[in-house]
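Student: Could we go through this model together, checking each label against its cut-offs?
Tutor: Gladly; let's have it in front of us.

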Amino acid sequence: MSTMGAQPYGPQTAAIRGFLVRLAGLGTTDRAAVVARYETIALSRDYEAADARLGDVIKRSGREEARDALSGPFLQLMKRPMPDASPDAEIELEPIAESALAALLALMVRDLLDDATVRLLTDAFTDTIPLG
């Protein structure tokens, strides 16, 4: 049984919900811009190190349940429509999915990460969904 109650994504639930709403509203041009920016950022060693820190912090903080709770809404937003697909077909995700997941997870543990790491993991969205 979950002890998370009204905060399914942990103490950063409000920020995550806001990000999900804004993510859902992004148009094609903004999504393409995020993907292009992410493709550049994700190649850096700094990004790889930040991603590793993110995984470590999620595990050490015990927020795996919050991460798992996020998977449903995330997949609803990121699944590509496949009208002719059989029920057994593999799920295809939108190109923006990888960058969105990194940003959402960084927001989820924002209170436990240094600002530079959060900025790096969310940087692809700087021009489209400012984190404030």
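Tutor: We can start at the surface, where Leu75, Ile91 and Leu93 make a nonpolar patch of about 240 Å². A word on the source: this is a predicted model, with local features needing pLDDT of at least 70 and side-chain atom pairs pLDDT 80 or more, while totals for chains, interfaces and linings use all residues. Residues are numbered from 1 along each chain as its sequence is written, and side-chain values use heavy atoms, leaving out hydrogens and water.

Student: What makes Leu75, Ile91 and Leu93 a patch?
Tutor: Patch members have over 30% relative accessible area and no salt bridge; like charges are joined within 9 Å, and nonpolar side chains (Val, Leu, Ile, Met, Phe, Trp, Tyr) within 5 Å. The areas come from the Shrake-Rupley method with a 1.4 Å probe, and for residues only the protein chains shown count as cover. Leu75, in helix α4 (residues 64–78), has 33% relative accessibility.

Student: Why does Leu75 count as partly exposed?
Tutor: Buried means under 20% relative accessible area, exposed over 50%, and partly exposed in between (1.4 Å probe, protein chains only). Leu75 has 33%, so the label is partly exposed.

Student: Then why is Thr40 called exposed?
Tutor: Thr40, in helix α2, has a relative accessible area of 57%, which is over 50%, so exposed is the right word.

Student: Why is the pair of Arg60 and Asp56 called a salt bridge?
Tutor: The term asks for a side-chain nitrogen of Lys or Arg within 4 Å of a carboxyl oxygen of Asp or Glu. For Arg60 and Asp56 the N to O distance is 2.7 Å, so the pair qualifies. These two are four residues apart in helix α3, and therefore separated by about one helical turn. Helices are DSSP runs (H or I, at least four residues; strands are E, at least two), numbered from the N terminus.

Student: How do you know that Glu92 and Arg80 form a salt bridge too?
Tutor: Their N to O distance is 3.9 Å, within the 4 Å limit, so this pair also counts. Both residues lie in the loop between α4 and α5, twelve residues apart. Salt bridges that share partners join Arg80, Glu92 and Glu94 into one network. The whole structure has six salt bridges.

Student: How many aromatic pairs does the search find?
Tutor: Two. Phe19 and Phe125 are one pair, edge-to-face, at 5.1 Å centre to centre with 75 degrees between the planes. Rings of Phe, Tyr and Trp (its six-membered ring) pair if their centres lie within 6.5 Å; planes under 30 degrees apart are stacked, over 60 edge-to-face, and the rest tilted. Phe19 and Phe125 are 106 residues apart, and both are buried.

Student: What makes Tyr38 and Tyr47 edge-to-face?
Tutor: Their ring centres are 5.6 Å apart and their planes stand at 85 degrees, over 60, so the label follows.

Student: Which residues touch the most other members of the largest nonpolar core?
Tutor: Ile16, Phe19, Leu23, Ile96 and Phe125, out of 37 residues. Such a core is a set of buried Ala, Val, Leu, Ile, Met, Phe, Trp, Tyr and Cys residues joined through side-chain atoms within 4.5 Å. Helix α5 gives the most to this core, with nine residues.
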